[in-house]
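Please follow this explanation with the sequence and the model at hand. The paragraphs proceed from single residues to the strands around them.

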Amino acid sequence: MAFNAYTSKHLTLNRRTPINVVYDALYYNHGNAYNPVSGVFTAPSHGLYLFSWASNVAPRNVFDAEILVNGKRKGKGNCNNIDNPGYENCANTVPLVLETGDKVNIRTIVADYLHGGGWSSFTGWRVF
């Protein structure tokens, strides 16, 4: 089981309104556990999984996000580009022990922009 999803479009967001980030396009989705319509990964079996998300942010914008399991925070990533006149790329990786049916997604904390076109992604795979 492995997936690599990305945002096909630029996302302009309300900075203080958390949203579930939908990575709507796929490089691959072996096992079909990631849903590109909802942005949610559903664990097909118990095990150790590794998740990573990369965020490309335009000048003078921010994209702070968290990874959730069944709605509970399991990690955070900060991509504050407020004072930078250029683009910024940030990434975070989190290992998670999941049970069958657990739901994993990325949600914004404080965010106003995420660069699309394949520059921002959400990836996960089962380790064992």
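Asn92 has a relative accessibility of 18% and therefore counts as buried, since the limit for that class is under 20%. In this predicted model, Asn92 belongs to strand β9. Which residues does Asn92 contact once its neighbours within four places in sequence are set aside? They are Phe51, Ser52, Trp53, Lys76 and Gly77. A further spatial relation links Asn92 with Gly75: the two are separated by 17 residues in sequence, and their C-alpha atoms lie 8.6 Å apart.

Strand β9 also carries one end of a covalent link. How many disulfides does a search of the whole structure find? The search finds one, and its partners are Cys79 and Cys90, with an S to S distance of 2.2 Å. That distance satisfies the criterion of sulfur atoms within 2.5 Å. The link of Cys79 and Cys90 is right-handed, with 70° about the S-S bond. It connects distant parts of the chain, 11 residues apart: Cys79 sits in the loop between β8 (72-77) and β9 (88-98), while Cys90 is in strand β9 itself. Are these cysteines buried or exposed? Both Cys79 and Cys90 are buried.

Strand β8, which precedes the loop holding Cys79, takes part in an open sheet. Five strands make up this sheet, in the order β4-β5-β10-β7-β8, and their pairing is antiparallel. The edge positions belong to β4 (34-35) and β8; each has a single partner strand, so one side of each remains without a neighbour in the sheet. Strand β7, spanning residues 63-69, runs antiparallel to β8 and is joined to β8 by five bridges. Within this pairing, Glu66 has Lys76 of β8 as its bridge partner. Lys76 is also one of the residues in contact with Asn92.

The last residue to consider is Gly47, located in strand β6 (residues 47-57). Why does Gly47 count as buried? Its relative accessibility is 5%, and the class requires a value under 20%. Apart from neighbours within four places in sequence, Gly47 is in contact with Leu96, Val97, Leu98, Arg126 and Phe128. For one of these contacts, Leu96, the separation from Gly47 is 49 residues in sequence, whereas the C-alpha to C-alpha distance is 8.3 Å.

Note on methods
Residues are numbered from 1 along each chain as its sequence is written. This is a predicted model: local features need pLDDT of at least 70, side-chain atom pairs count only at pLDDT 80 or more; totals for chains, interfaces and linings use all residues. Side-chain values use heavy atoms; hydrogens and water are left out. Helices (H or I, at least four residues) and strands (E, at least two) are DSSP runs, numbered from the N terminus. Buried means under 20% relative accessible area, exposed over 50%, partly exposed in between (1.4 Å probe, protein chains only). Contact means heavy atoms within 4.5 Å. Two strands pair if DSSP finds at least two bridges between them.
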